[in-house]
Amino acid sequence: QPVPLRYGAQYTGMRTDEAMQQWRSHRFGQFIHWGLYAIPGGVWNGKTYNYAAEFLKSSARIPTATWDSLMYQFNPREFDARAWAKMAKQMGARYMTITTKHHEGFCLWPTKFTDFNISNTPFRRDILKELVDAYNAEGIDVNFYYSVLDWHHPDWRYDIKSPEDSVAFRRFLDFAGNQLKELATNYPTVKAFWFDGTWDSSIKKNGWWTLEAEQMLKSVRPGMIVNSRLRADDFGKRHFDSNNQLMGDYESGYERRLPNPVKDLQVTKWDWEACMTVPENQWGYHRDWTVSHVKSPLELLEMLVHATSMGGNFLLNFGPDGNGGFRNEERHIAQFIGKWMEKNGPVIWDCGYAGWEKQDWGYFTRKNGSAHVNMIVFNKPVSGLLKVKVKGDVKILSAKAGGKAYRVEEIAKNEYFIHFTDRKMTEPRVIVLETAKASEAADKYQ
Ligand code: H79
């Protein structure tokens with residue numbers, strides 16, 4: 001028996017409208033973390049803090065007034081929105097999600113609702129508008145990250161423990177609601193909001209507000225998409241409501257990790273997105289990337305393919321520096337992935353879960369309803385034999401990479417080897433399988 005909820009999921013199943021289909025088809029997005037934290041870059045008074053650079057204010061226990069005065073130093077002379085957009089386009093990203101306000105509370109747009117914003121820096125320009133215009137001009141959708149948690153705003157509360165807290169936090173929620181409405185109104189092409197900083201008791205006790213915010217954004221911009229992280233229900237249950245229904249439009253809990261491709265297939269039943277850092281845990285710019293493992297372009301490309309193979313989007317993070325430039329490692333990653341995507345993008349964009357059992361050599365993807373299944377091979381077995389197990393009434397007719405055909409050998413019922421013996425692999429290889437209904441193909445191909 002379902003629990004009656006006022007603030008739970010608003011619908012069940014996946015959205016099928018055009019805006020959501022577009023979001024889903026993009027598959028690959030660029031995340032950008034940019035704020036005042038880019039200036040110190042994880043270093044304060046000569047000391048390097050290894051924890052996430054965007055958390056420096058908290059890690060180094062910097063008083064709010066001191067931190068906030070970084071605003072008067074924010075002057076990224078190299079910032080060039082069009083160059084950023086070109087890099088994203090070349091990488092193969094189809095959307096970009098930018099931190100309009102992170103936990104520090106600094107706003108990248110000239111908001112009416114706090115002075116702690118870009119227009120009071122020496123730079124003054126509306127960075128958000130320049131980015132939206134430049135990315136949209138490249139055909140890239142722009143989405144807004146918004147941290148509800150706010151280390152700057154005096155009315156923010158972690159919990160509600162007194163009537164005074166309740167009054168203050170109510171003012172805070174009005175402030176956040178006003179900012180969200182301002183963003184959706186003033187930047188009309190925004191496609192989605194990516195909420196963060198919503199895990200504290202204060203928000204969990206005000207689930208009504210999360211629904212109100214979702215509904216307000218959807219009424220200002222029909223087709224608007226919000227992530228599950230925004231939402232809490234009547235009982236403070238987050239992401240999935242007390243009846244286990246997904247709230248918001250897609251699941252956004254996979255942060256710096258991906259669902260297991262064998263054990264977590266439940267994710268193929270809803271829309272989801274995983275966000276990923278290049279180092280172990282740095283979102284904002286950190287001067288010193290030697291403090292943790294830095295993922296290689298190949299590792300990140302494999303994650304993109306992995307997410308796609310399970311019907312999810314992959315949001316890869318970049319943290320520009322205080323001058324508005326990208327570090328060399330990030331440029332290299334964008335170039336490497338972009339080169340692969342230029343050739344192989346069609347096995348990512350528009351593609352999702354193929355419905356077949358994962359094999360050790362890599363991942364399957366499939367365009368919805370297509371008779372073609374893509375194999376993306378990362379690990380070539382010594383034997384050169386790639387196992388494929390099909391499901392149901394299906395036969396494999398051919399296996400091709402570009403113009404080249406590979407031998408398809410049926411080895412058992414619904415089991416095949418693709419003979420991939422003659423190839424030296426220097427990058428992940430795509431093989432496209434042509435399939436047909438076994439019952440219909442039997443006559444032609446027996
Ligand atoms: O913007 C990036 C990070 O700065 C931000 N989210 C990404 C996208 C972030 N904020 N906090 N964290 C990441 C980690 C904090 C996790 C915790 Fe919790 C918050 C630990 C305890 C409270 C969330 C809620 C995880 C466990 C409970």
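Which residues are around the ligand? In this predicted model, the answer is a short list: Ala52, Glu54, Asp196, Trp199, Glu255, Cys275 and Trp283. Sorted by class, that shell holds 4 nonpolar and 3 charged residues, with no polar ones at all.

Next comes the sheet. It is an open one with 8 strands, and reading across it gives the order E7-E6-E5-E4-E1-E10-E9-E8, with parallel pairing. The two ends of that order are strand E7 (225–226) and strand E8 (251–255); each has a single partner strand, so one side of each goes without a neighbour in the sheet. As for how such neighbours are held, strands of a sheet pair through backbone hydrogen bonds, in either a parallel or an antiparallel fashion.

Strand E4 (residues 95–101) is a good place to look in more detail. In the sheet order it sits between E5 and E1, and it is mostly covered, with 7 of its 7 residues buried. On one flank, E4 runs parallel to strand E1 (residues 28–32), and 4 bridges join the two. Phe31 has Thr97 of E4 as its bridge partner. On the other flank is strand E5 (residues 141–147), again parallel to E4 and joined to it by 6 bridges. Thr97 turns up here too, standing opposite Asn143 in E5, while Lys101 stands opposite Tyr146 of that strand. To get from E4 to E5 the chain passes through helix H5 (residues 127–137), making a β-α-β crossover that is right-handed.

Zooming out, the domain assignment splits the chain into domain 1 (18–346) and domain 2 (354–441). Taken over C-alpha atoms, the centres of domain 1 and domain 2 are 37 Å apart. Where they touch, domain 1 puts in 10 residues and domain 2 puts in 9 residues. Two helices each supply at least two residues of the domain 1 side of this contact, namely helix H9 (297–309) and helix H10 (328–344). The largest share belongs to H9, which brings 6 residues to the side of domain 1 that touches domain 2. In terms of class, that side of domain 1 is made up of 5 nonpolar, 4 polar and 1 charged residues.

Definitions and conventions. Residues numbered from 1 in each chain as written. Predicted model: local features only at pLDDT ≥ 70, side-chain atom pairs only at ≥ 80, totals over all residues. Near = placed C-beta within 6 Å. Nonpolar A, V, L, I, M, F, W, Y, C, P; charged D, E, K, R; others polar. Buried ≥ 20, exposed ≤ 12 C-beta atoms within 10 Å, placed from the backbone. Pairing = 2+ DSSP bridges. Right-handed = clockwise from strand over helix to strand, strands pointing away. Domains from an automatic or database assignment. Contact = placed C-beta atoms within 7 Å.
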